[in-house]
Amino acid sequence: MAFSNLPMLFCFCVLLLLLENAAGETRHYTFNIHYHNVTRLCHTRTILSVNRQFPGPRLVAREGDRVVVKVVNHVANNVSVHWHGVRQLTSGWADGPSYVTQCPIQTNQSYIYNFTITGQRGTLWWHAHISWLRATIYGPMIILPKRNETYPFQKPHKEVTIMFGEWFNTDPEAIIGQALQTGSGPNVSDAYTINGLPGLLYNCSAKDTYKLKVKPGKTYLLRLINAALNDELFFSIANHTLTVVEGDAIYTKPFETDNLLITPGQTTNVLLKTKPEHPNASFLMAARPYFTGRGTFDNSTTVGVLEYVHPQQHKSSKNATLLLPALPPFNATGFVANFTGKLRSLANAKFPANVPKTVDRKFLFTVGLGTSPCPVNTTCQGPNNSSKFAASVNNVSFTLPSVAILQAHYFGQSNGVYTTDFPTQPLIPFNYTGTPPNNTNVINGTRTVVLPYNTSVELVLQTTSILGTESHPLHLHGYNFFIVGQGFGNFDPNKDPAKFNLVDPMERNTAGVPSGGWLAIRFLADNPGAWFMHCHLDVHTSWGLKMAWIVLDGPQPNQKLQPPPSDLPQC
């Protein structure tokens with residue numbers, strides 16, 4: 001008789017497994033923010049890091065998992081952490097940007113970030129989100145597919161994370177502090193890094209070179225992340241072709257390339273097929289900047305080494321020839337446009353591109369540099385001695401409030417914190433990519449746009465030529481968006497929309513607005529909260545190239561912002 005219950009028991013066990021798979025598991029992490037001495041380029045400096053690791057620890061989860069990270073602040077600086085690219089559906093309190101979704105975590109305080117990864121899988125990352133602390137507080141976030149789910153491409157032999165960063169011999173906080181005080185452009189970095197290491201082209205760095213050991217005839221998945229503070233980067237591996245398969249945790253139609261561009265904030269997954277036989281050579285992987293602006297920039301190159309392990313010797317050949325890749329020139333805007341134009345969503349039944357076909361609200365935002373007048377009776381080191389460098393969206397240079405916008409919104413206490421009158425288009429239209437206007441002064445304010453729940457939005461981001469034209473990698477918190485169009489010159493609302501791609505546009509969370517051009521994006525405002533949008537070149541963020549969207553609650557319980565957690569930091 002006992003055996004008659006076995007089929008039922010078996011079904012029950014299968015159901016439990018299915019439920020567990022659907023619900024995901026809870027993954028706990030503790031991030032201790034510490035001081036930590038690090039030596040690079042023969043300079044030892046005290047940095048801020050997580051768990052005394054640089055770059056920081058890898059956070060791994062599966063699609064559907066709940067992630068709980070306790071961040072404990074052991075340093076004098078205020079800190080917050082952003083989980084870059086995580087949608088944070090109704091969990092905006094865990095998003096992380098200081099004074100937008102939370103007050104920062106003060107010295108000897110802690111905060112638990114608690115969120116569920118819904119409908120996302122791929123490479124994302126985490127970083128500090130206050131001032132320039134993300135220069136050293138950053139790490140990868142790997143979201144694996146649900147159990148028994150596969151990649152929509154060949155299963156790799158091995159997966160490798162490659163994080164690009166910037167190294168400063170002096171404290172980045174002092175650098176940006178001085179720049180904001182004098183109105184000048186900040187000093188540039190002293191090196192770029194691959195997984196925290198500058199590489200053998202820099203002084204004193206032969207031993208500080210990242211090495212990736214590979215076997216012949218294998219396929220490797222490289223998870224590339226640009227955590228650099230202020231620079232878009234070209235990347236290439238000598239004598240090897242890469243296949244792009246994902247960007248910002250969204251699968252792409254695969255395409256091959258010898259070089260790629262990755263902006264700060266972006267991730268790109270590529271497949272690397274190694275050579276079928278052991279070559280008697282090692283191959284440099286290199287990254288260097290893309291830059292079209294007027295100021296100075298760190299025009300150096302970071303390299304790592306791709307080493308083939310000899311099958312007989314089980315070690316790399318010491319005397320192998322070292323080959324350097326050919327990277328595009330630093331101002332190769334044509335290459336950038338061509339490369340970004342190849343990125344397309346998979347847009348199939350399993351991974352659809354749900355781009356809004358109709359639009360409720362249209363916006364035109366100019367993004368670029370500007371000036372602020374020098375304080376009375378002082379001289380500045382901006383574009384001239386009577387002005388400071390500034391940056392803006394629609395000529396509004398965003399001022400962070402002294403309390404969090406999300407708290408003020410949630411408790412109905414916005415008065416004196418922010419206003420809801422952010423301009424939907426430029427206040428004074430001009431030839432944006434032509435001769436700049438005589439008056440380049442910005443206006444300051446904490447202005448936001450309010451969107452009802454489920455509003456479909458079309459936003460055209462237009463660069464300006466004020467103080468030079470350059471690319472601006474814009475990041476939108478709480479959302480992915482579809483890149484439906486891009487072009488050079490001024491956006492033409494009568495002609496350009498006819499060329500929009502509404503079939504398989506690339507979906508991302510960070511995208512470069514072309515230097516001297518425009519980018520058109522669409523998204524559905526289906527996530528209530530206060531969501532930061534800013535340039536991911538931190539110097540431009542510091543100068544005010546940022547704004548916030550406030551998305552109202554929807555009617556259903558799962559369409560409302562959750563109540564704030566009890567340990568939410570106080571300002």
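**Figure 1. The structure, a predicted model, holds 3 disulfides.** Counting the bonded cysteines along the chain, the disulfides follow the pattern 1-3, 2-6, 4-5. The pairs are Cys42 with Cys204, Cys103 with Cys571, and Cys374 with Cys380. Each pair is treated in turn in the close-up views that follow.

**Figure 2. Close-up of the disulfide formed by Cys42 and Cys204.** The sulfur atoms of Cys42 and Cys204 lie 1.7 Å apart. This pair links distant parts of the chain, 162 residues apart. Cys42 belongs to the loop between β1 (26-40) and β2, whereas Cys204 belongs to the loop between β10 (191-194) and β11 (211-214). Cys42 is exposed, because its relative accessible area of 55% is over the 50% cut-off. Cys204, at 37% relative accessibility, counts as partly exposed.

**Figure 3. Close-up of the disulfide formed by Cys103 and Cys571.** A distance of 2.0 Å separates the sulfur atoms of Cys103 and Cys571. The torsion about their S-S bond is about -100°, so this disulfide is left-handed. Cys103 is found in the loop between β5 and β6 (110-116), and Cys571 in the segment after β34 (546-551); the pair therefore ties together parts that are 468 residues apart in sequence. With a relative accessibility of 2%, Cys103 counts as buried. Cys571, by contrast, has a relative accessibility of 46% and counts as partly exposed.

**Figure 4. Close-up of the disulfide formed by Cys374 and Cys380.** Here the sulfur atoms of Cys374 and Cys380 are 1.8 Å apart. The S-S torsion of Cys374 and Cys380 is about 105°, so the disulfide is right-handed. Both Cys374 and Cys380 are buried. A further cysteine of the chain, Cys535, also counts as buried, at 0% relative accessibility.

**Figure 5. Close-up of an open sheet formed by 4 strands.** The strands are arranged in the order β3-β8-β7-β5, and their pairing is mixed. The edges of the sheet are β3 (59-62) and β5 (81-84), each of which pairs on one side only. From one strand to the next, the twist averages 20°. Strand β5 is joined to β7 (residues 122-128) by 4 bridges, and these two strands run antiparallel. Within this pairing, Val81 has Ala128 in β7 as its bridge partner.

**Figure 6. Close-up of the cis peptide bond between Phe54 and Pro55.** The omega angle of this bond is about -10°. Pro55 is placed in the loop between β2 (43-50) and β3. Strand β3 is one of the edge strands of the open sheet shown in Figure 5.

**Figure 7. Close-up of strand β14 around Thr243 and of the loop that contains Asp248.** Thr243 is located in strand β14 (residues 242-247). Thr243 is buried because its relative accessible area of 14% is under the 20% cut-off. Leaving aside residues up to four places away in sequence, Thr243 touches Pro254, Phe255, Glu256, Asn269, Val270 and Leu271. Asp248 is placed in the loop between β14 and β15 (250-257). Although Asp248 is not a glycine, its phi is positive, at about 50°. Asp248 counts as buried, with 1% relative accessibility.

**Figure 8. Close-up of the loop around Leu467, a residue with a positive phi.** The phi angle of Leu467 is about 60°, although this residue is not a glycine. Leu467 is situated in the loop between β27 (455-463) and β28 (472-476). Its relative accessible area of 18% makes Leu467 buried.

**Figure 9. The chain as a whole, shown as context for the close-up views.** The secondary structure comes to 5 helices and 34 strands. Of the 571 residues, 59% count as buried. The radius of gyration of the chain is 24 Å, which agrees with the value near 25 Å for a compact globule with 571 residues. Along the principal axes, the C-alpha atoms fill a box of roughly 85 × 70 × 55 Å. Among contacts between residues at least 6 apart in sequence, 79% join residues at least 24 apart. The chain exposes about 23,400 Å², of which carbon and sulfur atoms supply 52%.

Conventions. Residues numbered from 1 in each chain as written. Predicted model: local features only at pLDDT ≥ 70, side-chain atom pairs only at ≥ 80, totals over all residues. Heavy atoms only, no water. Pairing = 2+ DSSP bridges. Axes fitted to C-alpha atoms, helices over the stretch in contact; angles between N-to-C directions. Buried < 20%, exposed > 50% of the residue type's maximum accessible area, 1.4 Å probe, protein only. Contact = heavy atoms within 4.5 Å. Rg over C-alpha atoms; globule rule 2.2 N^0.38 Å. Areas by Shrake-Rupley, 256 points an atom, 1.4 Å probe, with all protein chains shown as cover. Disulfide = S-S within 2.5 Å.
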